[in-house]
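Reader: I've got a two-chain model open and I'd like to learn how to read it. Could you walk me through a sheet and then the chain contact?

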Amino acid sequence: MNSAIPTLITQADPIELIAATTAQLNRVILGKEHQVRLCISCLLARGHLLIEDIPGVGKTTLAHAIAESLGLSYQRIQFTSDLLPADIIGTSVFDRETSTFQFHKGPVFSQLVLADEVNRATPKAQSALLEAMEEHQVTADGATYPLAAPFFVIATQNPVYQIGTYPLPESQLDRFLMRIELGYPDATLERQLLLGQDRRDLVATLAPTLSPQQLLLMQTMVPKVHVSDALLDYVQALVRYTRESPLFEAGISPRASIGLLRSAQAWALIHGHSGVMPEDVQAVLAAVVGHRLKPRDEAAPKTPTEIGQFVLKEVAVP
Amino acid sequence: MSAVTLDHRLQQLTPLGQRLVWVIAGLALAAAPHFGHIAPWTMLIAALAAAFRMTAEVKRWPLPSRAVCTGIAFASLLGVLAGYRTLNGIDAGTSLLIVMAGMKLLETRTVRDLTVVVFLSYFALFAAFLYNQNMLLLPYMLLTAGLLTMTLMRIHQTEAMALREAATTTAKMFLQALPLAALLFLFFPRLPGQFWAVPARERSITGLSEEMTPGDVSDLSVSGAVAFRAKFEGDPPPPRERYWRGPVMHMFDGRTWRYGGASLTPQQVASSGSSYRYRISLEPQQRNWIFGLDMATGWDPRRAYRAEDFQLHARQQQISVLTSFDLESSPTYVTTGELRDDLRRLDTYIPRNRNRRTIELARQMRDRAGSDEAFIQSVLTKFGSEEYYYTLQPPALDLNAVDDFLFNSRRGFCEHFASAFTTMARSVGIPARVVTGYQGGEFNPMSGYLVVRQSDAHAWSEVWLEGRGWQRIDPTAAIAPERIESGLDAAISAEEEVPGRMLRQSAVLSKLRMTWDAANTFWNDQIVEFGEAQQNWLLELFNIKNPRWQYLGIGLAITLIGFFAILSAYLAWKFKPRSRDPVAHVYEQLCRKLAKLGVPRLPHEGPNDYVARAAQARPELAAQLAEVRSVYVGLRYGPMPLPTQLSRLKFLVNQLEA
């Protein structure tokens, strides 16, 4: 059926590769196995990730650890209110020697970009990044520069109730395939954290467990994971529910429903399922649809996680 | 307030407030037909409640507490009870309905409360048919019912529903309901008699009454209201034969004629010449008078009887709804038998101290004439040849009304002439009486009916002549023969105003009026009057003869149940889930079995989670379940389902002990 699978199998089983990666990440970020898997699924599904949480729960560490584990080039952009689009995509500088303008690539030209506190920058700067995410290329001074492959953006955002933020509008939230929260560690893990090594030092010691080439290959495998009619019925039922339910302002877009399926396929792939199963969809549902549904009134669930749980409970598996 | 600002104000209301506006409008429209026949204070209370509720909505006032609502409702209940002395009956019931709908508004907090108000509005609206079954009411009722249905639909939508969409859906629903309504209308058991009929009520329809004072009939002539309609087999009688007999007046006090008053001897009628068969449809009245064509010779004795002075009466107390009778009449007739002494005394009595000049004049004329017949002729000639005027606006007369009329005013309507003539006849000892009724009628070629209106009201005289019995003498025919031949319009001089004459003289308007009347007739005869007889006729088409109403009811119920069963089956078939694949079927079996084992599947549970949970609950089945799970998941969600796996799955599921 697909030539990629035998090739990969000869090198290493993708499940094992991923398992090794997640294991390594879990050593750095304690007690967040599910979020780490979602991260990897998002990456495999060629989506971008939004982590929304209060400062200091390990967002940056997670991003950095992923970059290290996958051997990806890594850049961090700290979003501030005076950040300019050129600070992200780069600028043209006049070169005296050649008497020409030379384009100096910005931080966006790396394989993994961490956009830290994305909601603190002005909408202008935000949209520069989000356009690059969508197009996978940057156009400056009439020339088009392709971005790196794989290209993965992890944006972090403070919860909207914290002051000094420009919350991302719905149209831009829709560009992120998944949105996750990390949350506080539980008591035992926190104790371990307090006793253990500094996480940043730990990250520096990480060795790549997966090459960028292997990652690209696995990305091509995701859309080929088998999807049965019964599963499509379920996905469609979920999508239809969000569109017909009176609790939400609007249902999820077709882009989101494709994203939901791709994420479920990626989840199925890293879990070694031969076809996508309802549980795979359920595992990624909250992360994929939670930030895309806006509650209409007080009767509706409020936080993205609650929304995901709610939708999941409301729709029967066929 | 312009439409734009109104719309803007509406937009500012809460969703409940916006719905409330429509609910209140619907209630107002539904209650409107009751204006005038229920106590005004009930309407006022409902209106105040609506106004308060709306103000509360706009100003965000809190609604009255439950105790206050209960108090007001109880007070209103007592008010209705005090006003009507009962809570039973149409008036009290309707008043209560409208008051309570208003009260309900005071506690409308949820969509459910609004629904209750809309339902009350439906009841109030349809209660209007208990009062009035006029054709004009139908479009009003349909429109209001449509609005109520639209409101009901819209208050239950979470998305704002466009008016147009609601209207389209409502229209569709009405059309869908139409066949059912027609079926129920045609076949719902009709019981004979008054059981289903609306209880009798006083109605303010003016018609002929039990007494006649000069001026009464001319007042009536202003009214264009229909008194009754008659449909003849064959041609209707010529205008000069169209005397529709009503109450006969015997007693006279010098001014006013009164009805009845003596037990009368039955008298025989011998008819000669042609007779007419016809059906008369009487509009509701306060009496039970059937205005048969003079002289009625055939009627259904179970439903009507002919009184001693030849007036037809219905056997019921009051003709309170439109009612039809099949009659036969013969315009040429002779009454036979003797006049009994008591009746002779009654019909020759005049107060001696009144109308002295008339009595004197009559005696002189009788002496000159020589015979009763010649006397009658001379009186009629006097009316015809001297300066008497036929007018709709006769001047008021004093106590000696006949003297005043004959010698002073000389202007009168039919009752003046009939009264004067009868007085003169009695003055000379000829038994005479006044007959009131209708004369004439307009033939409507569109419906084939003769329409008789209140304006055709008439009064004439009857005299008893030895050997010839009662003879009809119409003095109006002497003074204004056009009245008899062509109706009121022709008889009144052109200078005088006759209400509606202009209308009747325009060809287009006349045509419109005829069409309107034909439509009304159809409505009255085919819809309002649809009863047992018509239903039996209809059933005979289906070869069902004289069914008992119980059987008809049961038959109808069975038909309806059958219809809805078929409809539900069709809908179930149409909207049934897509044909399930066999794997899903087996999985459902598995779920049923596990449910019996105490592990029912949650609807949102995926197969892995579910089977894992089941295995945890029933560890002894864990191994079996693990295989079931892997086979099922492979078949249902896997890339290459094998047909052999299906039989394996079936086998495994069958193996499970339930």
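**Reading the sheet and the interface**

Author: Sure, and keep in mind that this is a predicted model. Start with the open sheet in chain B: 6 strands line up as β8-β11-β6-β2-β17-β16, with antiparallel pairing.

Reader: Which strands are the edge strands of chain B's sheet?

Author: Look for a strand that pairs on one side only: here those are β8 (296–298) and β16 (442–444) of chain B. Going from one strand to the next, the twist averages 40°.

Reader: How many bridges join β8(B) to β11 of chain B?

Author: There are 2 bridges, and β11 covers residues 323–329, running antiparallel to β8(B). For a spot to click on, try B:Ala296, which sits opposite B:Ser329 of β11(B).

Reader: What lies across β16 of chain B?

Author: That's helix α19 of chain B, residues 507–528. Besides β16, the helix lies across β2 (226–232), β6 (276–282) and β17 (449–453) of chain B, and its angle to β16(B) is about 80°.

Reader: Now the interface. How many residues of chain A are in contact with chain B?

Author: People often give the size of an interface as the accessible area lost when the parts come together. Here we can go by contacts: 17 residues of chain A meet 14 residues of chain B.

Reader: Which helix gives the most to chain A's side?

Author: α13(A) does, with 3 residues. α11 (229–244), α13 (278–289) and α14 (304–314) of chain A each supply at least two. By class, chain A's side has 10 nonpolar, 5 polar and 2 charged residues.

Technical notes:
Residues numbered from 1 in each chain as written. Chains lettered and ligands numbered in written order. Predicted model: local features only at pLDDT ≥ 70, side-chain atom pairs only at ≥ 80, totals over all residues. Contact = placed C-beta atoms within 7 Å. Helix = DSSP H or I, 4+ residues; strand = E, 2+ residues; numbered from the N terminus. Nonpolar A, V, L, I, M, F, W, Y, C, P; charged D, E, K, R; others polar. Pairing = 2+ DSSP bridges. Axes fitted to C-alpha atoms, helices over the stretch in contact; angles between N-to-C directions.
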